[in-house]
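Me: I am new to this structure and would like a close look at a single part of it, taken slowly and with the reasoning spelled out. Please choose one helix and follow its surroundings outward from there.

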Amino acid sequence: FFAPMLRAAWRWRVQGAVRAYCTDPPPALYNWVYSSKSHRPKEDQQLEAILNVARKNNYEQGVTGLLLYCNGTFIQALEGTEAGVRAIRAKIERDPRHGSVFTLHEGPLDRRNFPHWSMGYVAVNQTDLKKYGLQELLDVETTMTEDCDVNALSTRAVKLLNAFVASQQMDG
């Protein structure tokens, strides 16, 4: 008597779960790419501590990304749900270690560029930044006040991030 009822209940639950999985669209993706200036250049141990906290926070929010660092300048791409990215962004903007947070790009995203990294990390040098025309980011205060082409800067920053993704030369 109970076995047919249990099979029917189980079948109903499985079918419902499959229907929900197949019909609910995945959450929309959003990204934010920014540059900021550290108030003090960071030592390797300080950067490792920052990365550990960032990876934990990103994991909790379902956010993935990549952080580039050069002589006190951060370039970071974050991607996930809009709510997740904005939650991380709010923490970054309140963080007293960051100054001159400058948005390079923000908006909807078709697919994740860093699906396997809660926070990939690459230490870059001035040559890398110059190669992609991003040396202006080493002086964020000047970049923000002078008449600069933010769209071109954003495009070059995304190319630099994608170049490091393609080479997979990162810790993450």
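Reply: A residue is called buried here when its relative accessible area is under 20%, and exposed when that area is over 50%. What follows concerns a predicted model, and the part chosen is helix α3, which runs over residues 82-94.

Arg89 is a residue of helix α3, and because its relative accessible area is 15%, under the 20% limit, Arg89 counts as buried. Once its neighbours within four places in sequence are left aside, Arg89 is in contact with Trp32, Thr103 and Glu106.

The helix that carries Arg89 has 13 residues, and from its first C-alpha to its last α3 reaches 18 Å, which is close to the 18 Å expected at 1.5 Å a residue. Its buried residues are Gly84, Val85, Ile88, Arg89 and Ile92. These residues cover an arc of only 130° around the axis, so they are on the same side of α3. On the other side of the helix, Ala83 and Arg94 are exposed. As for what the buried residues of α3 pack against, the partners are the strand β1 (29-38), the helix α2 (44-61), and the strands β3 (73-80) and β4 (98-109).

Trp32, one of the contacts of Arg89, is itself buried, because its relative accessible area is 0%. Among the aromatic pairs, which come to 3 in the count, is the one that Trp32 forms with Tyr34, a stacked pair with 4.3 Å from centre to centre and 20° between the planes. Tyr34 is buried too, because its relative accessible area is likewise 0%. Another pair is formed by Phe114 and Trp117, whose ring centres are 6.2 Å apart and whose planes are at 35°, so this pair is tilted. Phe114 counts as buried at 2% relative accessibility, and Trp117 is buried with a relative accessible area of 15%.

Helix α3 also has a part in the largest pocket, whose volume is about 300 Å³. This pocket is lined by 16 residues, and the closest to its centre are Ile50, Ala54, Ile92, Asp95 and Arg97; of these, Ile92 is also one of the buried residues of α3. The elements that give two or more residues to the lining are α2, β3 and α3, and α2 gives the most, with 5 residues. Two of the elements against which the buried residues of α3 pack, namely α2 and β3, are therefore found again in the lining of this pocket.

Strand β3 deserves a closer look in its turn. Thr73 lies in this strand and counts as buried, because its relative accessibility is 2%. Thr73 and His39 are 34 residues apart in sequence, while in space they are 9.3 Å apart, C-alpha to C-alpha. The loop between β2 (64-70) and β3 contains Asn71, whose phi is near 45°, a positive value in a residue other than glycine. As a general rule, most residues other than glycine have a negative phi.

To return to the helix, the picture is of α3 with Gly84, Val85, Ile88, Arg89 and Ile92 buried, with Ala83 and Arg94 exposed on the other side, and with Arg89 in contact with Trp32, Thr103 and Glu106.

Terms used:
Residues are numbered from 1 along each chain as its sequence is written. This is a predicted model: local features need pLDDT of at least 70, side-chain atom pairs count only at pLDDT 80 or more; totals for chains, interfaces and linings use all residues. Side-chain values use heavy atoms; hydrogens and water are left out. Rings of Phe, Tyr and Trp (its six-membered ring) pair if their centres lie within 6.5 Å; planes under 30 degrees apart count as stacked, over 60 as edge-to-face and the rest as tilted. Buried means under 20% relative accessible area, exposed over 50%, partly exposed in between (1.4 Å probe, protein chains only). Helices (H or I, at least four residues) and strands (E, at least two) are DSSP runs, numbered from the N terminus. The expected span of a helix is 1.5 Å times one less than its number of residues. The arc is that of the directions from the helix axis to the C-beta atoms. Contact means heavy atoms within 4.5 Å. On a 1 Å grid over the protein atoms alone, a cavity is a set of points where a 1.4 Å probe fits but cannot get out, and a pocket is an open set with protein on both sides within 12 Å along at least five of seven lines; lining residues have an atom within 4 Å of a point. Grid points are joined across faces, edges and corners, and a volume is the space filled by probe spheres set on the points.
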